[in-house]
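Colleague: Can you walk me through this one? I'll ask as we go.

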Amino acid sequence: MAEIRSTMDLVLERAARMGRASADEMQHEDLQRRGMQRGAEFLDKPDQKASDLQDQLKNAPEVERTALRHGMLATMLRNLFLPRDDEGKTRMERACRALVALHGGSAQIDGLCRELQQITGRYDEHRRQIEGQLKEQMRAQIQQALARETGMQTDANNIDPTLDPRYAQEWSHIEAELNSQYGQALDQYRAELSRLSGV
């Protein structure tokens with residue numbers, strides 16, 4: 001498992017780099033941060049189009065474009081994840097559209113993004129299917145336990161298995177395994193997109 005560094009470590013590293021960084025390097029880093037911010041604003045505003053990012057780059061001074069673009073690309077790559085809800089799915093789709101736009105409509109980037117979205121779609125289907133199966137299995141177990149304890153038959157539809165602590169424990173284990181499997185495929189696509197983006 002990759003080592004997770006603390007925020008403090010990252011801040012200290014950045015401060016050390018700043019002490020050695022030239023004015024050009026600091027300006028480049030600042031421009032990348034602005035590009036990241038613009039990318040995040042795009043993802044947060046559903047009324048914006050991916051082409052708006054390209055327009056922002058075209059309107060920026062030529063010497064700033066590369067750093068701004070790298071910042072935007074970095075934000076989009078960070079937003080390629082396994083979505084757990086519709087909001088996450090929408091955010092990831094927007095990140096893919098922005099990646100394609102920032103690569104000038106590249107068919108290769110578009111193809112990789114489509115494959116990535118198929119994987120996340122399968123993840124979502126698989127996740128829902130397994131979650132439904134677990135609920136039914138737990139519901140049946142709870143119904144049997146209640147019948148043994150009370151001697152009365154309880155309607156399974158009136159049982160909420162998510163209230164049982166065993167459900168949360170089992171679902172947590174299953175979800176972690178599922179995330180690991182699909183996460184590996186996602187990481188491969190993200191790495192390839194990162195390589196092609198030069199980020």
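Colleague: Which helix is Ser194 in?

Modeller: Ser194 sits in helix H7. Keep in mind that this is a predicted model.

Colleague: Is Ser194 buried or exposed?

Modeller: Ser194 is buried. Its relative accessible area is 18%, and buried means under 20%.

Colleague: What does Ser194 touch, not counting residues up to four places away in sequence?

Modeller: Ser194 touches Leu77 and Val199.

Colleague: Leu77 is in H4, right? Which residues of H4 and H7 meet?

Modeller: From H4 you have Arg69, His70, Leu73 and Leu77. From H7 you have Arg190, Leu193, Ser194 and Ser197.

Colleague: How many of those are nonpolar, polar and charged?

Modeller: The contact of H4 with H7 has 3 nonpolar, 3 polar and 2 charged residues.

Colleague: How do people describe two packed helices?

Modeller: They use the angle between the two axes and the distance between the axes.

Colleague: What are those values for H4 and H7?

Modeller: H4 covers residues 62–78, and H7 covers residues 165–197. They pack at an angle of about 175°. Their axes are 11 Å apart. That makes H4 roughly antiparallel to H7, because angles over 145 degrees count as roughly antiparallel.

Colleague: Stay on H7. What span should its 33 residues have?

Modeller: At 1.5 Å a residue, H7 should span 48 Å. The C-alpha atoms at its ends are 45 Å apart, so the two values agree.

Colleague: Where is the kink in H7 centred?

Modeller: The kink is centred on Gly183. It is about 30°.

Colleague: And what follows H7?

Modeller: Gly198 comes after H7. Its phi is positive, near 75°.

Colleague: Back to H4. Is Val63 buried or exposed?

Modeller: Val63, which is in helix H4, is exposed. Its relative accessible area is 75%.

Colleague: How far apart are Val63 and His28 in space?

Modeller: They are 9.7 Å apart, C-alpha to C-alpha. In sequence, 35 residues separate Val63 and His28.

Colleague: New topic: H6. Where does it run?

Modeller: H6 spans residues 107–150. Arg114 and Gln143 both lie in helix H6.

Colleague: Is Arg114 buried or exposed?

Modeller: Arg114 is exposed, at 51% relative accessible area. The cut-off for exposed is over 50%.

Colleague: How far is Arg114 from Glu93?

Modeller: Their C-alpha atoms are separated by 9.3 Å. Along the chain, Arg114 and Glu93 are 21 residues apart.

Colleague: What about Gln143, buried or exposed?

Modeller: Gln143 counts as buried, with 18% relative accessibility.

Colleague: Which residues is Gln143 in contact with, leaving aside neighbours within four places in sequence?

Modeller: Gln143 contacts Gln153, Thr154, Asp155, Ala156 and Ile159. The C-alpha atoms of Gln143 and Asn157 are separated by 9.7 Å. Those two residues are 14 apart along the chain.

Colleague: Zoom out for me. How many helices and strands are there?

Modeller: There are 7 helices and 0 strands. Along the sequence the pattern reads α-α-α-α-α-α-α.

Colleague: How much of the protein is buried?

Modeller: Buried residues are 35% of the 199 residues.

Colleague: Last one. Of the contacts with a separation of 6 or more, what share comes from residues 24 or more positions apart?

Modeller: They account for 67% of those contacts.

How values were computed: Residues are numbered from 1 along each chain as its sequence is written. This is a predicted model: local features need pLDDT of at least 70, side-chain atom pairs count only at pLDDT 80 or more; totals for chains, interfaces and linings use all residues. Side-chain values use heavy atoms; hydrogens and water are left out. Axes are lines fitted to C-alpha atoms, for helices over the stretch in contact, and angles run from 0 to 180 degrees between N-to-C directions. Helices (H or I, at least four residues) and strands (E, at least two) are DSSP runs, numbered from the N terminus. Angles under 35 degrees count as roughly parallel, over 145 as roughly antiparallel, 65 to 115 as roughly perpendicular and the rest as oblique. Contact means heavy atoms within 4.5 Å. Ala, Val, Leu, Ile, Met, Phe, Trp, Tyr, Cys and Pro count as nonpolar, Asp, Glu, Lys and Arg as charged, and the others, Gly among them, as polar. The expected span of a helix is 1.5 Å times one less than its number of residues. The bend at a residue is the angle between axes fitted to the seven residues ending there and the seven starting there. Buried means under 20% relative accessible area, exposed over 50%, partly exposed in between (1.4 Å probe, protein chains only).
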